[in-house]
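Dear colleague,

I am handing over a structure to you with this message. Please look through the sequence and the model below before reading the notes that come after.

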Amino acid sequence: MIYLNQAASTWPKPSCVLQAHSLALSAVPAGQFRGGTAEGADILDACRRKLGTLLGIGEYNRIFFSSGATDSANAVICGLPLRGRRVLATQTEHNSILRPLLNHKDRVGSVDFVPCDTAGWVNPDDVEAMLDDDTAAVFVNHCSNVTGMVQDIGAIAEKAHSRGALLALDCAQSAGCVPVQADAWGVDALIFTGHKSLFGPQGTGGYYVRKGIPFSPYRFGGTGRNSRQLTYEAGDYEFEPGTQNLPGIDALSAGVDFVLEKGVEQIARQEQALIDRLRKGLQVIKQVRLYGDERCLAPVLSFTLDGLKPADAAYILEGAYGIRVRAGLHCAPLIHQALGTESFGTIRASVSCMNTQEDMNDLIRAVGEIANSLEGRP
C-alpha cells in the first residue's frame, strides 16, 4: 500500500518507536509515584524535556500529557479563564477546537470566527480588527490539515496581546514537520498530538500552559502523590490524574528523538519536495482542481476531480491502485466555505518523510488514468 494519509496518523512508524513501545509493554510496569521506584516520573520528565526542545518551550515542566489533541483542547478550553468572555477562532480550525468551543457553553461566552482566504491564510490584521476589550483568547490552527497553510503566529500573538487576549495555538498538524517556537512567538497555551508528525502511537499527546496564567483542571482523580488530599485550591492543582499511558509516552519520546535527530527543518524540506512534485504533476491534469498555493508549506495537498465526488475518487484510488488518501471535510468544515468545497470536501494527499518521490509519481499516474476514464462521460 502507498499510504498518503499521514495528516490523519503517520505510518509506518520508525523502528525506534516500535521498539520502545514493545519494550515498555513487555517490561514490568513502570511505577508512577505509587511504587518503590519512580521510573514513570523519569519517562514523563524525559519526554517533556524533548518536547520542550522541539516546540521551543523553556518551561517544559508546564507540558502536560493527555490522550491527544482533542483531550488537550478540552482541557485548555475548560481550564483557561474564558467563562462569560468572548473568544476568537479562525475559519481554519479543526473540530477538536470548534466543538469544545461551541459546546462548553458554561465555560465559554461567545465565539467569533476570523475569516481566511481561499488558500487558508489568516491575515493578522483581520485578527486585530476583530479584537475588543472583552476578548479573552484567540485560538489559531498553526497549520491547516486541508490546504497546508502555515499561519504567522508571531504576528497574530502580538495582535492578541496588544488587546490583553491570550494566544492558544493548535499544533496538532505542525508539531514535528513545521518549526515551532512557542516562547519566541509569545504563545500562552499550546495543543499537540503524538500520532501525527511526532510519529508516536495513537492515544498520546498533550498541552502546554504558560506559567502565571490562571488555569484549572477539568478532570480530577488519583495521582499517587498525596492521597490524603481530597480538594484543591487555586495554585495547587494537578493536571495529569489517572494512570498515564507510559508505554505510549515512552514510544512518543522515541518518536521525538527521531524528529530531533533528523531535524525539523530537514524533514520540512524533504516533505515539501514531495508536495511540490505532486502539485506539479497534478496541475497539468485538466480535470484536477488544486487548493492552496505556493504559500502552503506543510506536507498536505487537497484537490478535486471534475465529475467525481472526492469519496468516490478515494475509493477508486485505494481499491484499484492501492493508494490510501483521505476524502471529505477532514474535520475542518468552516475552511471549506472559503474553498467552495463545503458540499463534498476534497481529496487530500498528505505525506511524511517516510514517503518517496515514487509514491508521488504513482498517485499522479493513478489520478491521470482516472481523469482519462471520465472524459466523454455525461
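The following paragraphs describe the sheet, the helices and the aromatic residues in turn.

Please keep in mind that this is a predicted model.

I begin with the sheet. Seven strands form an open sheet of 7 strands in the order β2-β8-β7-β6-β5-β3-β4, and their pairing is mixed. At its edges lie β2 (63–66) and β4 (110–114), each of which pairs on one side only. On average, neighbouring strands of the sheet are turned by 20° against each other, if direction is ignored. Within the sheet, β6 (residues 166–170) and β7 (residues 189–193) run parallel and are joined by 3 bridges. To find one of these positions in the model, you may start from D170, whose bridge partner in β7 is I191.

Two helices lie across strands of this kind. Helix α4 (residues 95–103) lies across β3 (86–90), β4, β5 (135–141), β6 and β7, and runs at about 145° to β4. Helix α6 (residues 153–162) lies across β5 and β6, with an angle of about 150° to β6.

Helix α8 invites a simple check of length. This helix covers residues 246–262, which is 17 residues; at 1.5 Å a residue, a span of 24 Å is expected, and the end C-alpha atoms are indeed 24 Å apart, so the two values agree. Is α8 largely enclosed or not, and why? Because 12 of its 17 residues are buried, α8 is largely enclosed by the rest of the structure. Among the buried residues of α8 are L246, I249, L252, V256, F258 and V259. At the N-terminal end, N245 caps α8, with a side-chain oxygen 3.0 Å from the backbone nitrogen of G248. After α8 comes G263, which has a positive phi, near 90°.

Finally, I turn to the aromatic residues. The structure holds 4 aromatic pairs. One of them joins Y3 and W11 in an edge-to-face arrangement, 5.7 Å centre to centre and with 70° between the planes. Y3 counts as buried because its relative accessibility is 11%, under the cut-off of 20%. W11, in contrast, is partly exposed, since its relative accessible area is 46%. Another pair, formed by Y207 and F215, is tilted: the centres are 6.0 Å apart and the planes differ by 50°. Both Y207 and F215 are buried. Together with F64, Y207 and F215 form one aromatic cluster.

With kind regards

Technical notes
Residues numbered from 1 in each chain as written. Predicted model: local features only at pLDDT ≥ 70, side-chain atom pairs only at ≥ 80, totals over all residues. Heavy atoms only, no water. Helix = DSSP H or I, 4+ residues; strand = E, 2+ residues; numbered from the N terminus. Expected span 1.5 Å × (residues − 1). Buried < 20%, exposed > 50% of the residue type's maximum accessible area, 1.4 Å probe, protein only. Polar contact = N/O pair within 3.5 Å; in protein donor to acceptor, adjacent residues only side chain to side chain. Pairing = 2+ DSSP bridges. Axes fitted to C-alpha atoms, helices over the stretch in contact; angles between N-to-C directions. Contact = heavy atoms within 4.5 Å. Phe/Tyr/Trp six-rings, centres within 6.5 Å; stacked < 30°, edge-to-face > 60°.
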